[in-house]
Amino acid sequence: MAYSEEIKEEVKKRLAKGEKPKQISEQTGVSVPTIYNWKRQFEQFNQESIEKCEEEKISKMQEKVITEDKQVQQYCITATEKEQEENKQSIGKQENNTNSQFQNEKKNFKERIRVEQNTSNIENSRDNMKKISNRYLGIMDFLLEKRNDIYAKMQSENYNIQKEGISQWDLMEGLIEKVNKNKDDKQCINQLYEKILQLKEKENGMNR
């Protein structure tokens, strides 16, 4: 016997509410075997919909991983170019200072000491900037490695492991975003770097 779509939809909603097939059959006139058959169809459709949504989410995450990896690579290239440009400027400044010293032989001893101190401060400042840049890259390498581990969980055939990976993904994305946002914050980068060193020591201890 053929039933209308309205009847099927009503049965679907009542099954979703937890009503028993026998009770639904008595009130709608649809046979109990038919209701059980529909129930299996509904459950199969719902499962396929869930799987499709998860596949779409994983696909979007794959695209995001590729995009962010490219961004990190670009940052490394930009940082290297910036460092090279600073080195060129530094060499130019040093040459100018040397010529100036030859031309200004009357400059007294205290003035020469002051120039040397300023030069030392500039070098120290540059070293600090380079140190922060290296620490930021170290943090990002560590986080991206951990994110790859999470991504591997999401590809697992074990549902519980896959579910755990999906829940961890959003947390890792938030942490990566925070690091990118504060990459120029010396205090923040240093604190994160120290925490990561502690985590690595802890992991090394567990692997021994």
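The exercises below, each with a worked solution, concern a predicted model of a single chain.

**Exercise 1. Overall architecture**

Determine how many helices and strands the chain has, and describe its burial and contact pattern.

*Solution.*
1. The secondary structure comprises six helices and zero strands. Along the sequence this gives the pattern α-α-α-α-α-α.
2. The chain contains 208 residues, of which 22% count as buried.
3. The exposed area of the chain is about 15800 Å², with 49% of it supplied by carbon and sulfur atoms.
4. Among contacts in the chain with a separation of 6 or more, 68% are made by residues 24 or more positions apart.

**Exercise 2. The two faces of helix H2**

Establish which residues of H2 are buried and where they lie around the helix axis.

*Solution.*
1. Helix H2 spans residues 21-28, and its buried residues are Pro21, Ile24 and Ser25.
2. Viewed down the axis of H2, these buried residues fall within an arc of 105 degrees, so they line one face of the helix.
3. A general rule is relevant here: an α-helix has 3.6 residues a turn, so residues three or four places apart point the same way.
4. The other side of H2 carries the exposed residues Lys22, Glu26 and Gln27.
5. After H2 comes Gly29, which has a positive phi near 85 degrees.

**Exercise 3. Packing of H1 against H2**

Describe the geometry with which H1 and H2 pack, and identify the residues through which they meet.

*Solution.*
1. Helix H1 covers residues 5-16; its axis and that of H2 are 10 Å apart, at an angle of about 145 degrees.
2. The crossing of H1 and H2 is right-handed.
3. H1 takes part through Glu10, Val11, Arg14 and Leu15, which meet Pro21, Ile24, Gln27 and Thr28 of H2.
4. Pro21 and Ile24 are also among the buried residues of H2.

**Exercise 4. The nonpolar cores**

Identify the residues that touch the most other members of the largest nonpolar core, and the elements that give two or more residues to this core.

*Solution.*
1. The largest nonpolar core has 26 residues; those touching the most other members are Tyr136, Ile139, Leu143, Met154, Trp169 and Val179.
2. Two or more residues of this core come from each of helix H3 (32-103), H4, helix H5 (159-181) and helix H6 (186-207).
3. H4 gives the most, with 11 residues.
4. Ile139 illustrates the contacts: apart from neighbours within four places in sequence, it touches Val179, Ile189, Leu192, Tyr193 and Ile196.
5. There is also a second, separate core of seven residues, including Val11, Leu15, Ile35 and Trp38.

**Exercise 5. Two arginines of helix H4**

Decide whether Arg135 and Arg147 are buried or exposed, and list their contacts beyond four places in sequence.

*Solution.*
1. Arg135 lies in H4, which spans residues 109-154; Arg147 is likewise placed in helix H4.
2. The cut-off for burial is a relative accessible area under 20%.
3. Arg135 has a value of 15% and is therefore buried. Arg147, at 1%, also counts as buried.
4. Arg135 touches Ile189, Asn190, Tyr193 and Glu194.
5. Arg147 touches Val65, Glu68, Asp69, Trp169, Met172, Glu173 and Ile176.

**Exercise 6. Thr80**

Classify Thr80 by accessibility and state the separation of its C-alpha atom from that of Ser133.

*Solution.*
1. Thr80 belongs to helix H3.
2. The partly exposed class lies between 20% and 50%; Thr80, at 41% relative accessible area, is therefore partly exposed.
3. Thr80 and Ser133 are 53 residues apart along the chain, and their C-alpha atoms are separated by 10.0 Å.

Key
Residues are numbered from 1 along each chain as its sequence is written. This is a predicted model: local features need pLDDT of at least 70, side-chain atom pairs count only at pLDDT 80 or more; totals for chains, interfaces and linings use all residues. Side-chain values use heavy atoms; hydrogens and water are left out. Helices (H or I, at least four residues) and strands (E, at least two) are DSSP runs, numbered from the N terminus. Buried means under 20% relative accessible area, exposed over 50%, partly exposed in between (1.4 Å probe, protein chains only). Contact means heavy atoms within 4.5 Å. Accessible areas come from the Shrake-Rupley method with a 1.4 Å probe; for residues, only the protein chains shown count as cover. The arc is that of the directions from the helix axis to the C-beta atoms. A nonpolar core is a set of buried Ala, Val, Leu, Ile, Met, Phe, Trp, Tyr and Cys residues joined through side-chain atoms within 4.5 Å. Axes are lines fitted to C-alpha atoms, for helices over the stretch in contact, and angles run from 0 to 180 degrees between N-to-C directions. A crossing is left-handed if the near helix is turned anticlockwise from the far one by less than a right angle, and right-handed if clockwise.
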